Amino acid sequence: MWRELAPVGRHPDSGGYRRYAWSAADLECRAWFRAQVEARGLTYETDRNGNQWAWLGDPLAGDAVVTGSHLDSVPDGGAFDGPLGVVSSFAALDELRSRGVAFTRPLAVTNFGDEEGARFGLACVGSRLAAGQLTVADAHRLKDADGIALPAAMESAGYDPDTIGPDPERLARIGAFVELHVEQGRALDLTGDPVGIASAIWPHGRWRFDFRGEANHAGTTRLVDRRDPMLTYAETVLAARREAELTGALATFGKIAVEPNGVNAIPSLVRGWLDSRAADQATLDAVVTGIERAAREYADRAGIDLDVVRESFTPVVEFEHALRDELAKILEGSGDTGRPVPVLGTGAGHDAGILSASVPTAMLFVRNPTGISHSPAEHAAEDDCVAGVRALADVLEGLACS
């Protein structure tokens with residue numbers, strides 16, 4: 001499975017993946033998912049929001065155990081973020097069948113659409129729509145860098161955008177959702193464990209900073225006569241680093257758009273996107289407030305106009321303690337080390353975090369030896385991936401076969 005999926009959407013120059021929502025690469029990933037479903041004799045289904053489902057047992061029976069993740073990527077992302085969870089889900093199902101277990105609850109594998117938000121700027125679109133955390137009107141307003149709206153992109157890919165919206169009936173039939181994911185950090189590498197359990201997802205969000213100055217000629221305009229928004233933006237980037245260090249949070253300006261974007265032109269507009277995350281809400285509020293305060297001080301001093309817009313926000317997610325504890329009990333009972341399974345928090349958002357408001361959710365992490373993610377260097381060793389499959393199979397057996 002990994003060899004089949006690995007080339008899809010991989011850029012020949014960067015070696016990273018560009019599997020953007022509803023693009024040709026995304027559709028190829030979706031076709032791969034359906035082929036895996038059909039090869040196993042499962043029931044295939046696409047829901048009203050374009051999320052894919054593979055069912056073993058009656059989808060309408062209720063109290064289903066669901067696993068899976070996503071197949072899309074960030075720009076030039078790595079191979080493991082998302083796809084490891086989907087591939088491992090199919091592999092875990094194969095493992096359970098080889099064990100000859102008897103399923104007492106329906107089981108499903110899912111591929112949630114547009115988790116990364118690389119194309120339309122909002123993460124977890126598929127799961128947000130299903131959970132009612134993204135309105136239909138707001139979804140229809142989402143546009144990519146070329147001005148293509150989400151409904152048009154879905155329609156061009158052969159999906160009906162008029163059906164999108166909350167899916168409470170489907171979510172009500174899910175008794176538990178477990179998402180396996182490569183760890184996006186080095187906690188497991190430092191403890192020497194191949195697999196861990198998630199405790200919580202830090203609160204996080206995205207803010208757009210629009211710095212407006214005055215376009216002018218780079219070769220004739222005196223420095224003292226310039227209203228250059230790039231300087232204010234640069235000072236804000238440095239302020240974000242300082243505020244993050246002071247508060248113990250994370251703050252990153254990772255995307256920028258410049259107008260008119262000419263080598264010999266002073267910009268009229270610099271638009272930067274801030275991603276910020278913290279272990280708790282108070283700390284997140286403090287770091288973002290500090291960054292905005294500094295940005296406005298710089299802007300006022302330089303005669304730059306500034307608008308700040310919060311584009312997305314996800315509050316802290318505490319995974320259901322009962323389900324988390326049950327996973328720990330299952331894994332400690334099936335392991336041969338005699339050690340408890342590590343429980344760790346994460347600053348990365350996931351579909352499991354979105355669904356947690358509607359259904360009991362949990363996450364398993366597979367060791368990432370470098371901690372690198374959202375990069376072609378993202379990696380997990382084959383032995384650790386196999387350990388992840390076995391752990392997921394043990395969990396699914398404990399939940400769906402008892």
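Two strands pair if DSSP finds at least two bridges between them. The legends below use that rule for a predicted model.

**View 1. The whole chain, with its 13 helices and 15 strands.** The radius of gyration is 22 Å, close to the 21 Å that the globule rule gives for 402 residues, so the chain is as compact as a globular protein of that length. Its C-alpha trace spans about 80 × 45 × 40 Å along the principal axes. Of the 402 residues, 53% count as buried. Take the contacts with a separation of 6 or more: residues 24 or more positions apart account for 77% of them.

**View 2. Strand S7 and its partners S11 and S12.** S7 covers residues 204-212. Seven of its nine residues are buried, and the strand is mostly covered. S7 pairs with strand S11 (residues 269-277) in the antiparallel sense, over nine bridges. Strand S12 (residues 305-314) also runs antiparallel to S7, and nine bridges join the two. Look for two facing pairs. Arg 208 stands opposite Trp 273 in S11. Phe 209 stands opposite Val 308 in S12.

**View 3. A salt-bridge network that includes Arg 208.** Which residues do salt bridges with shared partners join into one network? They are Arg 208, Asp 210, Arg 212, Arg 271 and Glu 311. Arg 208, Asp 210 and Arg 212 fall within S7, residues 204-212. Arg 271 falls within S11, residues 269-277. Glu 311 falls within S12, residues 305-314. In the whole model the count comes to 23 salt bridges.

**View 4. The salt bridge between Glu 45 and Arg 170.** Side chains of opposite charge can pair when their charged atoms come close. Here the side chains of Glu 45 and Arg 170 meet at 3.1 Å, N to O. Glu 45 lies in strand S1 (residues 43-46) and Arg 170 in helix H7 (residues 168-172), so the pair ties together parts that are 125 residues apart in sequence. Is each partner buried or exposed? Glu 45 has 24% relative accessibility and counts as partly exposed. Arg 170, at 8%, counts as buried.

**View 5. The salt bridge between Arg 367 and Asp 384.** The closest N and O atoms of this pair are 2.8 Å apart. Arg 367 lies in the loop between strand S15 (361-366) and helix H13 (382-400), and Asp 384 lies in helix H13, so the pair ties together parts that are 17 residues apart in sequence. Both Arg 367 and Asp 384 are buried.

**View 6. The salt bridge between Asp 275 and Arg 277.** The two side chains meet at 2.7 Å, N to O. Arg 277 has 17% relative accessibility and counts as buried. Strand S11, residues 269-277, takes in this pair.

**View 7. Arg 128, buried without a salt bridge.** Arg 128 is found in helix H4 (residues 125-130). Which side chain of opposite charge is nearest to Arg 128? It is Asp 351, 7.6 Å away. A salt bridge needs the nitrogen and the carboxyl oxygen within 4 Å, so this pair does not count as one. Arg 128 does have a polar partner: its side chain makes a polar contact with the side chain of Thr 314 (3.0 Å). Leaving out residues up to four places away in sequence, Arg 128 touches Leu 122, Ala 123, Gln 133, Leu 134, Phe 313, Thr 314 and Ile 354.

Terms used: Residues are numbered from 1 along each chain as its sequence is written. This is a predicted model: local features need pLDDT of at least 70, side-chain atom pairs count only at pLDDT 80 or more; totals for chains, interfaces and linings use all residues. Side-chain values use heavy atoms; hydrogens and water are left out. Helices (H or I, at least four residues) and strands (E, at least two) are DSSP runs, numbered from the N terminus. Buried means under 20% relative accessible area, exposed over 50%, partly exposed in between (1.4 Å probe, protein chains only). Lys and Arg count as positive and Asp and Glu as negative; His and the chain ends are not counted. A polar contact is a pair of N or O atoms within 3.5 Å; within protein, one must be able to donate a hydrogen and the other to accept it, and residues adjacent in sequence count only if both atoms are side-chain atoms. Contact means heavy atoms within 4.5 Å. The radius of gyration is taken over C-alpha atoms; the globule rule is 2.2 Å times the number of residues to the power 0.38.
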